[in-house]
Amino acid sequence: PQRLRLILGDQLNPRHSWYRQQDSSVIYLLAELRQETDYTRHHVQKVCAFFAAMAGFATALKKAGHRVLHLTLDDTADDADLPALLRRLCQDLEIQQLDYQRPDEYRLLQQLRALSIDGVTLVEADTEHFLLPFDDIAQQFKPGKHRKMEFFYRDMRRRFQVLMDGDQPRGGKWNFDADNRNRLSTEDIDALPQALCFSNKVDSILQRLQRHGVDTFGTASKELLWPVNRRQAEELLAFFCDALLPLFGRFQDAMTGNSPHAWSLYHSRLSFALNAKLLHPMQVIDAALRAFENHPEAIDIAQIEGFVRQILGWREYVRGVYWANMPDYQSRNALGATRALPRWFWDGNTRMRCQQQAIGQSLEFAYAHHIQRLMVTGNFCLLAGIDPDEVDQWYLGIYVDAIEWVELPNTRGMSQFADGGIVATKAYSASGNYLNKMSDYCGDCHYNVKQKTGERACPLNSLYWDFMLRHRAQFERNPRVGMVYRNWDRMSKDKREAVLDHAGGLLAKLDEL
Ligand code: FAD
């Protein structure tokens, strides 16, 4: 009997139990598909990274003695979608059993669970990737309800015995976030490390995308810098532990426009390798913990705790939120935001230096770090009331690590508050002042961060107030936000009117900022 085993582009887990045994009756399938290049408009480096990683995975499986069918866009051009391809192959190859790993994306899970093929048994397997078992999600996360990330994270620390001394957190505290809010000084900027980049040849993929008229955006590079196989992913992990982890937490929220290394700072850039499942999250955590144990002189508890929290906490948490709340989550719009995304999100052509930097580097590298995504572009969209559907499409397309299960709760939830508080208890809104505190962007900006009104006033300032007042009824009840309204009420009536007037003018011409 012939068995076909489907491996999706984000299921490149080299440690999966499927591969423990060679079996000549099993054919592994990896397929480039138009449904995947087209479900949103992607950054070209993102498509290249997934296609190159799939090709590399196919080669590695073959080398390990497995039978592999690796299909490119050339081979699947006539298949309408994944189910059509699977039907065709099951017939051509006389398949009796089709195995697939449970997709992490709702769209694909629906598609595969709805599939039936005459004479073929379909069997669903786990991806053997996440730390929280899929079946535990429903206990931990209730649809429509806020679950505090901090408590989830503590449960995960206890459950996996990470950074624990018995039942107590290592270092006496669960969370060292307060130590992680430093700005970069001039000396810090001079000392920034150069990012480890790879030079993967992707000419043939680029040609294929062109041949098939796939619509992408962003800077195409024939030498892809992202890790596309297990060896490169492990090399990047080792580089992180060695060169970046010592200052990871300290500068986690910092931003600068004054260094060639500003785009990556001390961030790991492991998200693609993790999300494609080339790396297992516990493998990443273990490597970082080993570095911490071996180099106490270089890595303090705040750095390692900050990093562990991202992977053991946030990453598993957003996946839980996603599955507990789909499919309605994807259409939530709690703040009723309806404006169109400004055109400059697609070319970085704006005079707001913070936006220009974050968008510019996203177009160049398919990457921006968390605070840029949340507090630069995300904050702008939040304040300006951009339709969350448009915001989602942008984030889902532009980042090399963007897969819906992680993109959606971060964008619609954490950043846009469109889920009404399932992820965050308050909206992450900020005026220019925050950016001036955490970055050096404002110094060289066309706009003046100190002004609220006037032609050169930083647009974030009046947009901030406009946003806060649009949603006053909803936000004022939150004790953490009430202060803001008292400040507003203390301003003179004239000033308040001028600020809202100015904001109104900006909202009418967002494309021109
Ligand atoms: P580091 O700063 O080095 O962090 C280490 C790892 O922790 C990351 O690789 C990632 O796996 C994990 N992590 C950190 N923060 C988060 C988080 N909030 N949610 C989930 N995992 C986290 N992350 C994605 O992987 N894909 C996305 O599509 C995505 N979209 C985002 C959209 C918005 C609006 C925001 C605010 C955040 C988004 N994030 C997304 C989360 C986070 O910004 C990225 O994981 C991170 O920037 C990736 O870079 P890094 O690997 O250098 O991360």
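## A loop residue to start with

Let's begin with L265, a residue in the loop between helix 10 (230-248) and helix 11. Keep in mind as you look around that this is a predicted model. The backbone angle phi of L265 is near 45°, which is a positive value in a residue other than glycine. Is L265 buried or exposed? With a relative accessible area of 2%, L265 counts as buried, because the cut-off for that word is under 20%.

A366 makes a good companion to L265. A366 is not a glycine, yet its phi is positive, at about 60°. You can find A366 in the loop between helix 14 and helix 15. A366 is buried too, with a relative accessible area of 0%.

## A cis peptide bond

Now move to another loop, the one between helix 13 and helix 14 (353-365), where you will find P327. The peptide bond leading from M326 to P327 is cis, and its omega is near 5°.

## How the chain is divided

Stepping back, which domains make up the protein chain? The chain is divided into domain 1 (2-125), domain 2 (134-196 + 227-325) and domain 3 (343-512). Notice that domain 2 is written as two stretches of sequence, 134-196 and 227-325.

Next, consider domain 1 and domain 3 as a pair. Their C-alpha centres lie 39 Å apart. How many residues of domain 1 are in contact with residues of domain 3? Here 13 residues of domain 1 are in contact with 16 residues of domain 3.

## The surroundings of the ligand

The ligand is a good place to zoom in. It is surrounded by 30 residues, and the closest are H267, S268, R269, N275 and Y367. Sorted by class, this shell has 15 nonpolar, ten polar and five charged residues. Domain 2 and domain 3 each give at least three residues to the shell. Looking at helices instead, at least two shell residues come from each of helix 11 (271-275), helix 13 (301-325), helix 15 (370-384) and helix 17 (404-415).

Which side chains and backbone atoms sit beside oxygen atoms of the ligand? In the side chain of Y367, an N or O atom is 2.7 Å from a ligand oxygen atom. The side chain of H370 likewise has an N or O atom 2.9 Å from an oxygen atom of the ligand. At S271 the partner is a polar backbone atom, 3.1 Å from a ligand oxygen atom. On its own, the ligand has 820 Å² of accessible area, and the protein covers 99% of it.

## A closer look at H129

Our last stop is H129, in the loop between strand 6 (121-125) and helix 6 (137-140). H129 is buried, with a relative accessible area of 1%. What does H129 touch, leaving aside its neighbours within four places in sequence? Its contacts are N13, L274, K277, L279, H280, P281 and R315.

One of these partners, R315, also shares a polar contact with H129: their side chains are joined at 3.1 Å. For a distance across the model, try A243, which is 114 residues from H129 along the chain. The C-alpha atoms of H129 and A243 are separated by 26 Å.

Methods
Residues are numbered from 1 along each chain as its sequence is written. This is a predicted model: local features need pLDDT of at least 70, side-chain atom pairs count only at pLDDT 80 or more; totals for chains, interfaces and linings use all residues. Side-chain values use heavy atoms; hydrogens and water are left out. A residue is near a molecule or strand if one of its heavy atoms lies within 4 Å of it. A polar contact is a pair of N or O atoms within 3.5 Å; within protein, one must be able to donate a hydrogen and the other to accept it, and residues adjacent in sequence count only if both atoms are side-chain atoms. Accessible areas come from the Shrake-Rupley method with a 1.4 Å probe; for residues, only the protein chains shown count as cover. Helices (H or I, at least four residues) and strands (E, at least two) are DSSP runs, numbered from the N terminus. Ala, Val, Leu, Ile, Met, Phe, Trp, Tyr, Cys and Pro count as nonpolar, Asp, Glu, Lys and Arg as charged, and the others, Gly among them, as polar. Domain bounds come from an automatic or database domain assignment. Buried means under 20% relative accessible area, exposed over 50%, partly exposed in between (1.4 Å probe, protein chains only). Contact means heavy atoms within 4.5 Å.
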